[in-house]
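The following exercises are to be worked with the sequence and the coordinates at hand. Each task is followed by a solution in steps.

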Amino acid sequence: MNKTFMSGYYQGVIEAAPATLSAAKTEQLAITMTILHLRHAGINITSIHDFLINDLHANERLVNKYINLNADDLETAQAQVMAIAFN
């Protein structure tokens, strides 16, 4: 999987996020969704981490918080952010 595709996925999440979310919550959503998507695509955790931090300059604290979570926990984090958007 190339970096252009991976960057596009991250950017797509940001652009499609509900407008009611803050920038921080939008980034949190993008990070969790990108981690989950890339793990499903078979990308190893170290490569995902390095890509998010070094290439996309994502919030390192958030990346480190979510990088080792399982799919259920990532989906829960996403659902919590989306609940904020619609409350």
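**Exercise 1.** Which residues does Ile67 touch, not counting residues up to four places away in sequence?

*Solution.* The model is a predicted one, in which local features need pLDDT of at least 70, side-chain atom pairs count only at pLDDT 80 or more, and totals for chains, interfaces and linings use all residues. Residues are numbered from 1 along each chain as its sequence is written, and side-chain values use heavy atoms, with hydrogens and water left out.

Step 1. Apply the contact criterion, heavy atoms within 4.5 Å. With residues up to four places away in sequence left aside, Ile67 touches Ile35, Arg39, Ile45, Ile48 and His49.

Step 2. Locate the residue: Ile67 sits in the loop between α4 and α5. Helices here are DSSP runs of H or I with at least four residues, numbered from the N terminus.

Step 3. Assess accessibility, where buried means under 20% relative accessible area, exposed over 50% and partly exposed in between (1.4 Å probe, protein chains only). Ile67 has 5% relative accessibility and therefore counts as buried.

Step 4. Compare sequence and space: Ile67 and Ile48 are 19 residues apart in sequence, and their C-alpha atoms are 8.1 Å apart.

**Exercise 2.** Identify the members of the largest nonpolar core that touch the most other members.

*Solution.* Step 1. A nonpolar core is a set of buried Ala, Val, Leu, Ile, Met, Phe, Trp, Tyr and Cys residues joined through side-chain atoms within 4.5 Å. In soluble globular proteins, nonpolar side chains tend to be buried together.

Step 2. The largest such core has 25 residues, of which Ile31, Ile35, Ile48 and Leu52 touch the most other members. Two or more residues each come from α1, α2, α3, α4 (60–66) and α5 (71–85). Helix α2 gives the most, with six residues.

Step 3. Examine Leu52: not counting residues up to four places away in sequence, its contacts are Tyr10, Ile31, Thr34, Ile35, His57, Ala58 and Val63.

Step 4. Consider one of these partners, His57, which lies in the loop between α3 and α4. His57 is exposed, with a relative accessible area of 63%. Its phi is near 55 degrees, a positive value in a residue other than glycine.

**Exercise 3.** Describe how helices α1 and α3 pack, and find the salt bridge.

*Solution.* Step 1. Axes are lines fitted to C-alpha atoms, for helices over the stretch in contact, and angles run from 0 to 180 degrees between N-to-C directions. Helix α1 (residues 3–16) and helix α3 (residues 45–55) pack at about 75 degrees, with axes 12 Å apart.

Step 2. Classify the angle: under 35 degrees is roughly parallel, over 145 roughly antiparallel, 65 to 115 roughly perpendicular and the rest oblique. Helices α1 and α3 are therefore roughly perpendicular.

Step 3. List the contact: Lys3, Met6, Ser7 and Tyr10 come from α1, and Phe51, Leu52 and Asp55 from α3.

Step 4. Apply the salt-bridge criterion, a side-chain nitrogen of Lys or Arg within 4 Å of a carboxyl oxygen of Asp or Glu. The structure holds one salt bridge. Asp55 pairs with Lys3, the closest N and O atoms being 3.1 Å apart. Asp55 is in α3 and Lys3 in α1, so the pair ties together parts 52 residues apart in sequence.

Step 5. Check exposure: Asp55 is partly exposed at 34% relative accessibility, and Lys3 is partly exposed at 49%.
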